[in-house]
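Biologist: Please choose one part of this model and take me through it closely. Keep the sentences short, and explain each term when it comes up.

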Amino acid sequence: MMTTQWSILNEENSLYIVKGSNPMCLIHFEALGLYIYASTESLVKNALKKVGLHKFTYERVETNEGDILCINKNGEITRSEFEPKLYRSKYDAWYLGTIRLW
C-alpha cells in the first residue's frame, strides 16, 4: 500500500510537505532560493534540462516516509514526523498518521 505526498502553502508563505510512502525527489538550489520536487529523480532531471536549470548547482534533500517538512519563506527547513498506520476496512485500506513534532 502506498500513500501520497501532500503539500500545503500557508498564509506566511511556509510550504509544508508531508511525505508518505510514495517516492519523492526534493532538490534545493541554494543560490536561487528554489526548491523543486517530483516523484522521481529522473523526472526532476528531465524537467531541469527542459527549463535550463540543470546548469545550476543543487543539493538533494533527503526525505523518509513519515516526514513532515516545513520550508519557510527564507528557505529554512524544519522537520517533524508522523507514524503511518495501516487502516483496513472491508472496502479498502489506507494509511493514517499520528503527527509527532520533533
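Modeller: What follows starts with the helix and its sheet, then moves to the parts around them.

This is a predicted model, in which local features need pLDDT of at least 70, side-chain atom pairs count only at pLDDT 80 or more, and totals for chains, interfaces and linings use all residues. Residues are numbered from 1 along each chain as its sequence is written, and side-chain values use heavy atoms, with hydrogens and water left out.

Get your bearings along the chain. It has 1 helix and 8 strands. These are DSSP runs numbered from the N terminus, with at least four residues (H or I) for a helix and at least two (E) for a strand. In sequence order the pattern reads β-β-β-β-α-β-β-β-β.

Now the sheet. It is open, with 3 strands in the order β4-β3-β5 and antiparallel pairing. Pairing requires at least two DSSP bridges between two strands. The edge strands are β4 (34-38) and β5 (59-61), and each pairs on one side only. From one strand to the next, the twist averages 30°. Such angles run from 0 to 180 degrees between N-to-C directions, with axes fitted to C-alpha atoms, for helices over the stretch in contact. In general, strands of a sheet pair through backbone hydrogen bonds, either parallel or antiparallel.

Look at β3, residues 25-29. It pairs with β4 over 5 bridges, in the antiparallel sense. One of the bridge partners is easy to find: cysteine 25 is matched with alanine 38 in β4.

Helix α1 covers residues 41-51. The helix lies across β3, β4 and β5, and runs at about 40° to β3.

Next, the charged side chains of the helix. A salt bridge puts a side-chain nitrogen of Lys or Arg within 4 Å of a carboxyl oxygen of Asp or Glu. The whole structure has 3 of them. One joins lysine 45 and glutamate 41, at 3.5 Å from N to O. These two residues are about one helical turn apart, because they sit 4 residues from each other in helix α1.

Glutamate 41 also meets arginine 60, at 3.1 Å from N to O. That pair links distant parts of the chain: glutamate 41 is in helix α1, arginine 60 is in strand β5, and 19 residues separate them.

How buried or exposed are these residues? Buried means under 20% relative accessible area, exposed means over 50%, and partly exposed is in between (1.4 Å probe, protein chains only). Lysine 45 has 40% relative accessibility, so it counts as partly exposed. Glutamate 41 is partly exposed too, at 35%. Arginine 60 has 38% and is partly exposed.

Move to the remaining strands. Arginine 79 and aspartate 67 form a salt bridge at 3.2 Å from N to O. This pair also links distant parts of the chain, with arginine 79 in strand β7 (residues 77-88), aspartate 67 in strand β6 (residues 67-71), and their positions 12 residues apart. Arginine 79 is partly exposed at 27%. Aspartate 67 is at 5%, so it counts as buried. Back at the helix, shared partners join Glu41, Lys45 and Arg60 into one salt-bridge network.

Now the nonpolar side. A nonpolar core is a set of buried Ala, Val, Leu, Ile, Met, Phe, Trp, Tyr and Cys residues joined through side-chain atoms within 4.5 Å. The largest one has 7 residues: Ile17, Met24, Leu26, Tyr35, Val61, Leu69 and Ile71. Another core lies apart from it, with 6 residues, among them Cys25, Ile27, Val44 and Leu48. In soluble globular proteins, nonpolar side chains tend to be buried together.

Take isoleucine 71. Contact means heavy atoms within 4.5 Å. Not counting residues up to four places away in sequence, isoleucine 71 touches Asn13, Ser14, Leu15, Ile17, Tyr35, Glu76 and Ile77.

That list leads to serine 14, in the loop between β1 (6-9) and β2 (15-18). Serine 14 has 7% relative accessibility, so it counts as buried. Beyond its neighbours within four places in sequence, its contacts are Ile8, Leu9, Cys70, Ile71 and Asn72. The strands β1 and β2 run antiparallel, joined by 4 bridges. Isoleucine 8 has tyrosine 16 in β2 as its bridge partner. The two strands form a hairpin with 5 residues between them, and asparagine 13 in the turn has a positive phi of about 60°.

Finally, the whole chain. Of its 102 residues, 27% count as buried.
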